[in-house]
Amino acid sequence: MPNRPPDLLPLLKQYFGFRSFRPLQEEIMRDALAGRDVFALLPTGGGKSLCFQLPALARPGLTLVVSPLIALMKDQVDALVAAGIPATFLNSSLPAGEARNRLRGLHQGEYRLLYLAPERLMLSGMISDLQRWQVCQVAVDEAHCISEWGHDFRPEYRQLADLRAHFPEVPFMALTATATDRVRADIVRHLQLRDPGCYVASFNRPNLAYRVLAKAGPYEQALAFLRGRPREAGIIYCHSRKSAETVAERLSTDGVKARAYHAGLSGEERARNQELFLRDEIRVVCATIAFGMGINKPNVRFVIHYDLPKNIEGYYQETGRAGRDGLPAECLLLFSPGDVVKQTQFIDEKTDPQEQQIAREQLRQMVHYAESGTCRRVELLAYFGEDFPGDNCGGCDNCLSPRATYDGTLAAQKFLSCVYRIRERSQFGVGLNHVVEVLTGADTDKIRRWEHTTLSTYGIGREHSRPEWAAIGRELVRLGFLRQTSEKFSTLELTPEGRAVLTQRRAVTLTRPVAPTPAQAPRAGAIACDELLFEKLRQLRKRLADERDLPAYIVFSDVALRQMAREYPASPVEFARISGVGEKKLREFGDVFLTEIADHLKVNARQIFADDSFAVAAVAAAPKPRLTDTIFQSLHAVRQGRSVAEVAAQRDLTVGTIFNHLTTAVEAGEAFDLNLVLSPAQQRRLAAAFVRLGPGNLTGIRELVGEEFDFNQLRLYRATLGR
């Protein structure tokens, strides 16, 4: 076993407050300190930045960090300075006087890390300045931007290859969170990495729960999701600038603090909106995909894709903004076949045939992911060439509430026969939409011109709608019974397996499409703690951050606050054991947080938590029971605005039974607006009681809140806490 690089663990605790490394971090740092080039692919939240930040403290010289976005530079430098590390950045956002001061400090050797955008590197005199500043390491962050095959290609990144000639003896480090094999090879080639140490961590983010929901009133779906998480912050990704602005405006009108973020806003407005988000002044940013790399907020608790992403790499990168602190987070994709049509139209507008082909294949893979009935984690990891052990992750909708399957033999035979008959008659293939039109008996110019009304399969599929047949066709492609080309006019053709379905009458099992009812995902990575104390510590953190003009998470992460609210540290020694408490933060914040904890314990009992309630990885969960028709009837009636008593009388059931139906539906993942059964004032009373006594003590809560509430209401309220 190789020796650990000297002094890294003490430095890790002193400056960053951690006692151990994450996977691959130590090996990457060892290579960097030995002067070797490194390629590192670590998932978002996997600790990429530390791989060059800590070595910068372990040796003399300046570490140059090439970073693509101004806001990201500022966030990282603010966090480093708050930890007592001399770091700075140079970019166009700085006033001339401040830029001169920072240049003076660089000439005097005051800094250990310098962040620059690739465009800044090419300015006159910058290379010669860097040579005088004794650069000892070049770290290229978001290195996938250098590849045309990546999801966020930036031509200016190609100029980074010139750095190698100017710094032939300086080790280079390329870092990214998402890259296929082809993109990885591009990065190594364009940056001219020499015999690099290549490190590829698992793409699995066990604390993220993945869910796909059929679009059915997307704004109402998003609003219901947000109202079920009243204190959590997140990002809503929209396809267009107009959509981002419209959603943000509607949310603000409905009482959810939200702002838009896209390239059409002025730089000042974008910076202001992002700063409000970082400082917890707003809960939601409605962004176009350009926002993806600009956020360094670790406590993003959810990411909603309001529209279909263009490719899986972009989707993975964007969902990766959630849960960077390791605590539970949710990723919701609202899917509609109509979004596929919109994306296809954009692809058709491209002028380069190769770009069109790549984009179509990427879109096909994205649609496959959205419509697949198999484990979403398995699908995501497989895209990046990684195998997930097992076929049930316990952290996605398909694993928690598997979609119903049905005998689709007859439907498959009809669809496959139609493909066969069309090719037999016309001697050429057609696309999926044309097959659907033949099956449903459409009267179109092409059908008449090609005489497809005379086919034996014309009009034999009127029992299904066109969207249903389209979904069946795409599933037959996924199952390998059909092959779909990626050209502009993509066509379908039978595979040997598809022919066997027809000739040997093999049975085919199909999966029901995604439905507009969400599934409840497990809270992987959750840290059970004293929730009332956690909220007090959050408020204290916000006040201290505002006083220092910093985002709250730079003071302490949510992980640190939850550990404080779990362990109740009572001395500086105990406080120093909290994750993220380094020497500077212990000196600056230790006393005030210890006082807050002590004051809390003067009037509140200490809570005891089981050792296993700190879950750091996803665990498989048994699928939830399916909801019966009678439960759906009760849920639908209450959603229509009828009182529980009215529904009970109408259905000749007891009030308790209706409440049980509602509670069961919520526990199974159904969205439910508590305002239908409890007033805002009642909800506030229950929230305070549950925070004080915890969800396991319903008897105590009933005694605390009085006879205004019965156990049916308490159970329903408790069920909504898990959403």
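## The parallel sheet

In this predicted model, an open sheet of 7 strands follows the order β3-β4-β2-β5-β6-β1-β7 with parallel pairing, where strands are DSSP runs of E with at least two residues, numbered from the N terminus, and two strands pair if DSSP finds at least two bridges between them. The edge strands, each pairing on one side only, are β3 (87–90) and β7 (197–200), and the twist from one strand to the next averages 15 degrees.

Within this sheet, strand β2 (residues 62–66) runs parallel to strand β5 (residues 135–140) and is joined to it by 5 bridges, with L64 standing opposite V138 in β5.

## Helices against the sheet

Helix α3 (residues 50–57) lies across β2, β4 (113–116), β5 and β6 (172–176), and runs at about 145 degrees to β4; helices are DSSP runs of H or I with at least four residues. Helix α5 (residues 96–107) packs on the sheet, where it touches β2, β3 and β4, and its direction makes about 130 degrees with that of β3. Such angles run from 0 to 180 degrees between N-to-C directions, the axes being lines fitted to C-alpha atoms, for helices over the stretch in contact, and contact means heavy atoms within 4.5 Å.

## The surroundings of D391

D391 is placed in the loop between α16 (376–383) and α17 (397–400) and is exposed, with a relative accessible area of 64%, exposed meaning over 50% (1.4 Å probe, protein chains only). Leaving aside residues up to four places away in sequence, D391 touches C375, V378 and C399; the C-alpha atoms of D391 and V378, 13 residues apart along the chain, are separated by 6.8 Å.

## Basis of the values

Residues are numbered from 1 along each chain as its sequence is written, and side-chain values use heavy atoms, with hydrogens and water left out. Because the model is predicted, local features need pLDDT of at least 70 and side-chain atom pairs count only at pLDDT 80 or more, whereas totals for chains, interfaces and linings use all residues.

Notes
Buried < 20%, exposed > 50% of the residue type's maximum accessible area, 1.4 Å probe, protein only.
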